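Me: Please take a close look at one part of this model: the strand pairing. Keep it brisk, and tell me what backs it up.

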Amino acid sequence: MWPGGILYRTSPHVSMRASKRHRRLSRTLAALPRGAGLPRLAERVRYVGSPGHKDAPSFAGQPKPRADVTICDRSFIDRLPQLNSWLRSALTRGAVAAPWEGDFPRYVWCKEGNMVDEGRLVNSGTGEYKGYALEPDEWPKGIESYYEPTD
């Protein structure tokens, strides 16, 4: 999910199945397409989550937990405005990656403290994203520069 470790890496509620991915996903920050108006684009995106990662009703709908995933932290069930804010901030900062699907980048990254969370586009027509926490060795190279404190 999004910052603060929404996604637990280990959960007593879920049995994990081996990943079908044979090689690690390359997470690389990308140059923006010419004319990309990120602040205006950020107004159009929204966080929707995934009922497959929930064990309680939430903004994502009724839970439909899958056997091969971890369950999201319940503390974020009623924090949709904060999740949308993090998503929009990541997009406005340009912490995104190609490919672009329609008007939206497939991936965005939000850094909050010592956590980096990845948002993945799930609906290219409406700009809807879901998200999840990354391990430090999965962070896109250079993500810290998008979130350096300003004086």
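**Strand pairing**

Reply: Strand 4 and strand 5 are joined by 7 bridges and run antiparallel. Two strands count as paired if DSSP finds at least two bridges between them. Helices (H or I, at least four residues) and strands (E, at least two) are DSSP runs, numbered from the N terminus.

The model is predicted, so local features need pLDDT of at least 70 and side-chain atom pairs need pLDDT 80 or more, while totals for chains, interfaces and linings use all residues. Residues are numbered from 1 along each chain as its sequence is written, and side-chain values use heavy atoms, leaving out hydrogens and water.

Stay with strand 4 and strand 5. E118 has Y132 in strand 5 as its bridge partner. Their hairpin has 4 residues between the strands, and G127 there takes a positive phi near 75 degrees. Strand 5 also pairs with strand 1 (residues 46–47), in parallel, through 2 bridges. In that pairing, R46 is matched with E128 of strand 5. Burial comes next. Buried means under 20% relative accessible area, exposed over 50%, and partly exposed in between (1.4 Å probe, protein chains only). For strand 5, 7 of the 7 residues are buried, so the rest of the structure largely encloses this strand.

Now the other side of strand 4. Strand 3 and strand 4 run antiparallel, with 6 bridges joining them. V108 has G119 of strand 4 as its bridge partner. The hairpin of strand 3 and strand 4 has 2 residues between the strands, and G113 in the turn has a positive phi of about 65 degrees.

Strand 3 also pairs with strand 2. These two run antiparallel, joined by 4 bridges. V108 of strand 3 stands opposite V96. This hairpin has 2 residues between the strands too, with G102 at a positive phi near 70 degrees. Of the 9 residues of strand 3, 7 are buried, so strand 3 is largely enclosed by the rest of the structure.

Last, the core. A nonpolar core is a set of buried Ala, Val, Leu, Ile, Met, Phe, Trp, Tyr and Cys residues joined through side-chain atoms within 4.5 Å. The largest one has 28 residues, and V108 is among those with the most contacts inside it, along with L91, W109, Y129 and I143. Elements giving two or more residues to this core include strand 2 (96–101), strand 3 (104–112), strand 4 (115–123) and strand 5 (128–134). I143 touches L29, A95, W109 and V116, leaving aside residues up to four places away in sequence. Contact means heavy atoms within 4.5 Å.
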